[in-house]
Amino acid sequence: MTSRFIPINVFLGLAPIVLVIAVWQGLVSFGFAPAVLLPPPGYVFSRLLQQLVTWTFQQEIAATLIRLFAGFAIAVVLGVSIGIAAAANPAINAVVRPIVRVLAPLPKVALYPALLLLLGFGHGSKITLVAADALFPILLSTYYGASTVEQKLVWSAMAAGTPRYEILFKVVLPAAMPSILTGCRIGLVISCIVVFLAEMITSTDGLGHVLVTAARTFQAVDMFVPLITISLLGLILNGLLGALRSYLLRGFPEA
Amino acid sequence: MKVVPSRSSEWVRPVTSQKPASAIIEIDRVSQVFQTSARKDHLALSDISLTIEEGAFVSILGPSGCGKSTLLYIVGGFVSPTGGAAKMKGQTITGPGPDRGPVFQEFALFPWKTALGNVMYGPRQQGVRTTEAEAQSRALIEMVGLKGYENFYPKELSGGMKQRVALARTLAYHPEVLLMDEPFGALDAHTRTRLQNDLLNIWERDRKTVLFVTHSVDEAVFLSDKVVMMSKSPGRIRQVIDIDLPRPRRRNELLLDPRYQKYVVDIERMFDEVDETGSPS
Amino acid sequence: MMSPEALARRAAPVFACIGLLAVWQIASLALKNDSFPTAIEAIRAIPDILLDKESLINILASLRRMAIGFGVAVLFSIPLGLLMGRSRSVAAFFNPLLMVIYPVPKAALMPIIMLWLGVGDITKTLVIFLGVSLPVIYHSFEGAKAVEEKMLWSGAAMGLSAAQRLVRIVLPAALPEILTGCRTGLVLALITMITSEMIARQSGAGNILFNALDMGQYDTVFAMIIIVGAMGICLDAIFERVRARLVRWSEPQFDMPLSFS
């Protein structure tokens, strides 16, 4: 009866998560894992809820989110503009292309110590790292989308009287949107990962820092809490981006 | 049937024309060379000279690869000819413009806009106020037979409907010349014949100049006043044929009309002659 | 003899490197910050690192862990991905699980795994394994899914069993996509390796970086960054060569977030 109210997809999607939690509980209950190392799921989730209502934990979440959004936003603005510019202008392309080829395979996290030296241990170094890591997928997929715009779309707009410089905004950008949003999705996931890791390596606040602190004091439960939090945040943000994507791309046929 | 010898750059004016027609498009010794990846040069068009009169429905007919689309794109200003020039009302064509509106085989509708949004694009670009543009566009959408589909996205429309939207979109900015590149090529036969009829009905209203590219002989004969036959690559003009059939043309009448049948048979035979003897001189 | 355009295109990344180093040099001279050495100073510190036995052992240990983690991950993930691609039930079973694990940064599991398995090589290799597995599974899955039914029907008609079809038809057909996944995995392996070493300092390149940071040896920090960067570029270039060879027959693939080429 309830399947009429719960869409079957949601049900199927939740089932394995339930399964994981069940296995988890099983491992603890049957003594395969000592509770000190693997606390039972019930305990973890109640601790999570407990933490979520505390101001200190909320501040940690806020710190992480600020860096996440700031870094991601910078990556989107830079990535989309450079991507479109490179696709539209051969001169810019010739300069950007080799730089990207050199920088893309470089693990940006290796730059982190340098960023710490230059920007200190606070928000700045982390935001820059997030932006640097999220930039490339967004730039590349924007470039791809912009350079594969159907020629006849551009021609149709030109015949209708659109001057050349407007074509970028009125045709290229909308037509490249599917690619851009795919790149943004990858960039968002990367942003979540990088901000967390950066906070784990050196930080005074943020979810990553919470995890490392708990590790140092051997509090297993308190280690799971930030981990699950960042995963949930990632899922929520991904869901929001997905909804935005559905809205923006409502006219596009499913590729 | 009047058949004009192939080296024509002048027309024999049909006796039936009411007023002296003025030339709106002149194509003067246009040739087009493309560089292929193998660094060889491919001559797509060779020494094309043609005059299109205002208000004429002219088909460019030829086999695949003969450069007929390229010729259309040159007139549209999307491609610059490597040799010669095309002129519109005496001015050399240097780029696209709202005086020459294209309709493409692939429809090329903006997928992020609804049917109405697509049609409104041209007027909005020309500075027409939104409410006015919307009203005009709705009227056009109704004229092409898609009333009720204004808020549909292109992906929700069938091929025939998409092409109607494409036509409405081009008509919306009132081009003097319609450039149609095998517009019905991607559609099934039934939809194609319906759209051919509808196109003629729409065209009858204001008799714009139309340059219509096709590889279908009966389509060319059915629709046009003149058929320009092109040879295989490199494309040259083989013949220009006046189609002296009365308008308005009804498909069910015309199919049974022996004059129509003769045109189709004769033109098809001319194509076969080319195939047998290779490229014409 | 290469055409001038091709020559320019080949040389371009080299110019880009030089350009970036030049920008660095100018910036550091302009900022006159003690903790921001010039490019030249950093480059001069590189031989010191490479010739130092300690450091070299560290770096090689890093590469070893990365190789093992990557290798095991690939051996495990490709068959799993292929199976998922061709069997709807297998896919339904693993898919949601993977989707939950995906957004979790594998290196972040380090402290937890450290708690269970200690600080040694196993932990770091395990994390690398986890990091590489996901993209390889995903791409193998997608690649296997996209194999044309008709090809498999032809195979079945020729008498190939299901297992044979998987290995002799699905695997080669999905290879371009699989290799894309491997490339992503390689990048992730490098990143995870460095990050795990930065978190669980004990040995490895990441460790050298942060030790130098702690001891104020800023030249070494930046020199190490260059070395790691060079590692990344070389590995990527080598992989690309191998990949191009293996899938010469396929349509050019756009490699989504990684590189222009």
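1. The domain assignment splits chain A into domain 1 (1-38) and domain 2 (43-248); the bounds come from an automatic or database domain assignment. Taken over C-alpha atoms, the centres of domain 1 and domain 2 of chain A are 30 Å apart.

2. This is a predicted model: local features need pLDDT of at least 70, side-chain atom pairs count only at pLDDT 80 or more, and totals for chains, interfaces and linings use all residues. Residues are numbered from 1 along each chain as its sequence is written, and chains are lettered from A and ligands numbered from 1 in the order in which they are written.

3. On confidence, chain A has a mean pLDDT of 85, with 90% of its residues at 70 or more; pLDDT is the predictor's confidence in each residue, from 0 to 100. Among the elements of chain A, the lowest mean pLDDT (69) belongs to helix 1 and the highest (94) to helix 7 (residues 151-159). Helices (H or I, at least four residues) and strands (E, at least two) are DSSP runs, numbered from the N terminus.

4. Of the two pairs of chains that touch, chains A and C share the most contacts, a contact being two residues whose C-beta atoms, placed from the backbone, lie within 7 Å. On each side the count is 46: 46 residues of chain A are in contact with 46 residues of chain C. Helix 8 of chain A gives the largest share of the chain A side, nine residues. By class, that side has 39 nonpolar, five polar and two charged residues. Here Ala, Val, Leu, Ile, Met, Phe, Trp, Tyr, Cys and Pro count as nonpolar, Asp, Glu, Lys and Arg as charged, and the others, Gly among them, as polar. Chains B and C have no contact, and their closest C-alpha atoms lie 12 Å apart.

5. Helix 4 of chain A has 14 residues, which should span 20 Å at 1.5 Å a residue, and this agrees with the 20 Å between its end C-alpha atoms. The expected span is 1.5 Å times one less than the number of residues. Its buried residues are Val96(A), Pro98(A), Val100(A), Arg101(A), Val102(A) and Leu103(A). A residue is buried if 20 or more other C-beta atoms, placed from the backbone, lie within 10 Å of its own. The buried residues of helix 4 pack against helix 3 (55-88) and helix 6 of chain A, and also against helix 1 (4-31) and helix 10 of chain C.

6. Chain C has ten helices and zero strands. Its C-alpha atoms fill a box of roughly 70 × 60 × 30 Å along the principal axes, and 41% of its 261 residues are buried. In helix 2 (residues 39-51) of chain C, Ala42(C), Ala45(C) and Ile49(C) are buried. The buried residues of helix 2 pack against helix 3 (53-86) and helix 10 (218-246) of chain C.

7. In chain B, strand 10 (residues 226-230) has five of its five residues buried. Lys226(B), Val228(B) and Met230(B) lie on one side, with Val227(B) and Met229(B) on the other. Strand 10 pairs with strand 4 (residues 57-61) of chain B in the parallel sense over four bridges; pairing needs at least two bridges found by DSSP. Met229(B) is the bridge partner of Leu61(B). Strand 10 and strand 11 (residues 237-242) of chain B run antiparallel over five bridges, and a hairpin of six residues joins them. Val228(B) stands opposite Val240(B) in strand 11.

Terms used
A residue is buried if 20 or more other C-beta atoms lie within 10 Å of its own, exposed if 12 or fewer, and partly exposed in between; C-beta atoms are placed from the backbone.
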